[in-house]
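Colleague: Please take a close look at the salt bridges in this model and at what surrounds them. I would like one connected account.

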Amino acid sequence: AMLPEFEAAADLIRNELEPFRKYGRVPFVGVSIKGELIHIRVTVQKTSAKAVSFNWINEAYKVTSTGGLFFNDGFKEHSLACDARQIAQHFLALHKVKITDRFEKLLLH
């Protein structure tokens with residue numbers, strides 16, 4: 001039942017990554033379900049005759065049988081609202097530094 005919110009969140013994240021296209025990179029944001037976890041995966045591909053994919057960032061969110069949504073930071077679970085905008089903001093807040101760092105490395109290739 002939460003999958004549509006995550007797919008909408010993926011669209012919001014993808015929109016944030018659109019500037020990569022300016023440099024010949026194509027952003028992909030995928031959503032998948034594995035058991036009680038919903039995964040968001042961000043990949044950027046270099047567009048050229050010899051395409052190179054960079055599997056960047058993966059994040060998992062736990063869904064409970066009662067409809068709760070949680071993120072585990074390695075120490076404890078934190079409750080999140082199942083809202084596309086909040087999920088996207090949470091994902092980007094967690095990974096903004098990684099995205100910037102990997103973008104700079106990607107430009108070198």
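Modeller: Lys 62 is partly exposed, with a relative accessible area of 24%. This is a predicted model, and every value here is computed from it. The residue belongs to strand S3, which covers residues 52-63.

The side chain of Lys 62 takes part in a salt bridge with Glu 77, at 3.4 Å from N to O. Glu 77 lies in strand S5 (residues 77-80) and Lys 62 in strand S3, so this contact ties together parts that are 15 residues apart in sequence. Glu 77 counts as partly exposed, at 36% relative accessibility.

Lys 62 also meets Glu 36 in a salt bridge, with an N to O distance of 3.8 Å. That pair links distant parts of the chain, 26 residues apart, since Glu 36 sits in the loop between S1 and S2. For Glu 36 the relative accessibility is 47%, which counts as partly exposed because the class ends at 50%. With a partner shared between the two salt bridges, Glu 36, Lys 62 and Glu 77 join into one network.

The loop that holds Glu 36 belongs to a hairpin formed by S1 and S2, with 2 residues between the strands. Gly 35, in the turn, has a positive phi of about 65 degrees. Strand S1 spans residues 25-34 and strand S2 residues 37-46, and they pair in the antiparallel sense over 10 bridges. Within this pairing, Arg 25 stands opposite Lys 46 in S2.

The count of salt bridges comes to 3. One of them joins the side chains of Arg 14 and Asp 11, at 2.5 Å from N to O. These two residues are 3 apart in helix H1 (residues 3-16), so about one helical turn separates them. Arg 14 is partly exposed at a relative accessible area of 22%, a value that falls in this class because buried means under 20%. Asp 11 is also partly exposed, with 40% relative accessibility.

Helix H1 runs to residue 16, and Glu 16 is among the residues closest to the centre of the largest pocket. About 180 Å³ of space lies in that pocket. Of its 10 lining residues, Leu 17, Phe 20, Lys 96 and Ile 99 are likewise among the closest to the centre. The lining divides into 7 nonpolar, 1 polar and 2 charged residues. Helix H2 (residues 84-107) gives the most to this lining, with 5 residues.

Notes. Residues numbered from 1 in each chain as written. Predicted model: local features only at pLDDT ≥ 70, side-chain atom pairs only at ≥ 80, totals over all residues. Heavy atoms only, no water. 1 Å grid on protein atoms, 1.4 Å probe; cavity = no way out; pocket = protein on both sides within 12 Å on 5 of 7 lines; lining within 4 Å. Points joined across faces, edges and corners; volume = space filled by probe spheres on them. Helix = DSSP H or I, 4+ residues; strand = E, 2+ residues; numbered from the N terminus. Nonpolar A, V, L, I, M, F, W, Y, C, P; charged D, E, K, R; others polar. Pairing = 2+ DSSP bridges. Salt bridge = Lys/Arg side-chain N within 4 Å of Asp/Glu carboxyl O. Buried < 20%, exposed > 50% of the residue type's maximum accessible area, 1.4 Å probe, protein only.
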